Amino acid sequence: MTEIFGKPLPVIMGQLLIGLINGSFYALLSLGLAVIFGLLNIINFTHGAQYMMGAFAAYFLLNKLGLNYWWALVLAPLAVGATGVVIERLMLSRLYKLDHLYGLLLTFGIALVIQGAFRHEFGSAGLPYSIPALLEGGQNLGFMFLPNYRAWVIFASLVVCLGTWFVIERTKLGAYLRAATENPAMVQAFGINVPRMITLTYGFGVALAGLAGVMAAPIYQVNPLMGADTIIVVFAVVVIGGMGSIMGAVVTGFGLGVIEGLTKVFYPEASNTVIFVIMAIVLMIRPQGLFGSR
Amino acid sequence: MAEVLRISHLNAWYGESHILHGVDLVVNKGEVVTLLGRNGSGRTTTLKSVMGLVGRRAGSILVKGKETVSWPTHRIAHEGIGYCPEERAIFASLSVEENLLLPPRTGEGGMGVDEIYDMFPNLRERRKTAQGTKLSGGEQQMLAMARILRTGADLLLLDEITEGLAPVIVQALGRVIVKLKERGFTIVLVEQNFRFAAPLADRFYVMEHGKIAEAFPAAELQDKTQLLHEYLGV
């Protein structure tokens, strides 16, 4: 059997795949955080709870309304994004003139409330959600078995990430967004409704978390605390990539997922801490993050 | 002559500080009106107040007959006002061309991009520059003016456009103002550089302590020279 540094190839490939899957979620979640931070200057601590809400939304759509995974992929992000719009309009929008810390505290508080309410209602055992029929089974690649659903998650995440990057960096809408990130007052003086743009941007970032939640539902269990665990790593990803950098979030998300996976092969004891070690090193050498500009 | 802008009893505040204390001024269609005054006399704040960019405003600001004093900034812009701020506000994350094309149309009959590049040939040469802020100061100033010309805005508020620029660029900007006036733009200039403004303006307002201290047409400029020396300390 082929070996690399004394480890069998299928083991390495297996962990590489898990790394890419985790990386897909890191990328989607840190992308949403980056988009929100860029324009609102708020670190959205509710992100993990909103990811969890996406998974629950998929569960309810299936079990209460009989709408399958593909419906959930569209409807759950819309529903979760709508809750984001309400949060921004009712609460966040009152904090922009204050120190960033208030936004952080508010979103952290909201996350605790949401997670507490879900745990009270559904316990923490986790609810099952099965893989959609179309994506059951897998491909035998010779050196490893690739489940179709996992391939789909990686593909879909890449498409969403690159699509978002394209819109922000290459379109007129993205130019408004970039300009408003720099100087919202001036963009408004050109006649653009910046407060509305901020609301929709927050809604979009939150919807990305909801989408990640739907995609996660068949892989991880639908669990009120599923976001609380993931989001800590995602914050590390955002810090490493550079706050507010879109490409940074995407590249670092996938990259760190892979590094985490490979660490499991070569030095399993460090697999849970490797991302934080990298974060510490990056903060020492390049505090603005790998892709950050300031 | 139709009034494009009529400001009456305008008061404005930044937080606790009261900056404008009852400004009254009128700008008619097709005029170039210059606000003179020392630093801190309230000229920039007057322009910002028109755009709704100060903390709090009271009084009346009629733009083409509509009361805009309680409107949000983006709505005011859609009455056809192009604003060029003192700090130029060129966006670093946008290329030169993206900066130029950024402002959306707010009215009919804006200038075409080619026409704008003819007016500012430097910008045509440098349109592919990836970062708007990589331009020289003069080029950034031209870009800040150029971008509001294609929106269809017919009232231009230009704040200190000659500040810190070489004489040859100041002259070029003077020729641009003349061309814009010929095209029918209405222009409010806030200027420190009296020699730049003198041959361009139809009327002058002199501001002091957040109020209009003096108002006179270009024809009376000669008689007012001594007075201006006192107000401006030049």
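Biologist: Over how many bridges do strand S7 (residues 155-159) of chain B and S8(B) pair in the parallel sense?
Modeller: First, this is a predicted model: local features need pLDDT of at least 70, side-chain atom pairs count only at pLDDT 80 or more, and totals for chains, interfaces and linings use all residues. Residues are numbered from 1 along each chain as its sequence is written, while chains are lettered from A and ligands numbered from 1 in the order in which they are written. Helices (H or I, at least four residues) and strands (E, at least two) are DSSP runs numbered from the N terminus, and two strands pair if DSSP finds at least two bridges between them. B:Leu157 has B:Val188 in S8(B) as its bridge partner, and the number of bridges for S7(B) and S8(B) is five.

Biologist: Which helix joins S7(B) and S8(B) in a right-handed β-α-β unit?
Modeller: Right-handed means that, with the strands pointing away from the viewer, the path from the first strand over the helix to the second runs clockwise. Here the unit is made by S7(B), S8(B) and a helix of residues 167-182, namely H7 of chain B.

Biologist: Is strand S8 (residues 186-190) of chain B largely enclosed or open, and how many of its residues are buried?
Modeller: A residue is buried if 20 or more other C-beta atoms, placed from the backbone, lie within 10 Å of its own (exposed: 12 or fewer; partly exposed: in between). B:Thr186, B:Val188 and B:Val190 are buried on one side, and B:Ile187 and B:Leu189 on the other. S8(B) is largely enclosed by the rest of the structure because the buried count is five of the five.

Biologist: Which strand of chain B joins S8(B) by four bridges?
Modeller: Look at two cross-strand partners: B:Thr34 stands opposite B:Leu189, and B:Leu35 stands opposite B:Val190. The two strands run parallel, and the one with residues 32-37 is S3(B).

Biologist: Which are the edge strands of the six-strand open sheet in chain B?
Modeller: The order is S6-S7-S8-S3-S9-S10, with mixed pairing. Each edge strand pairs on one side only, and the two are S6(B) (81-84) and S10(B) (211-217).

Biologist: What angle does the direction of helix H9 (residues 221-232) of chain B make with that of S10(B)?
Modeller: Axes are lines fitted to C-alpha atoms, for helices over the stretch in contact, and angles run from 0 to 180 degrees between N-to-C directions. H9(B) packs on the sheet, touching S3(B), S9(B) (203-208) and S10(B), at an angle of about 155°.

Biologist: How far apart are the end C-alpha atoms of helix H5 (residues 148-170) of chain A?
Modeller: The expected span is 1.5 Å times one less than the number of residues. H5(A) has 23 residues and should span 33 Å, which agrees with its end-to-end distance of 32 Å.

Biologist: How many residues of chain B touching chain A come from helix H2(B)?
Modeller: Contact means that C-beta atoms, placed from the backbone, lie within 7 Å, and 18 residues of chain B are in contact with 14 of chain A. The largest share of that chain B side comes from H2(B) (residues 73-77), which gives three.

Terms used: Two residues are in contact if their C-beta atoms, placed from the backbone, lie within 7 Å.
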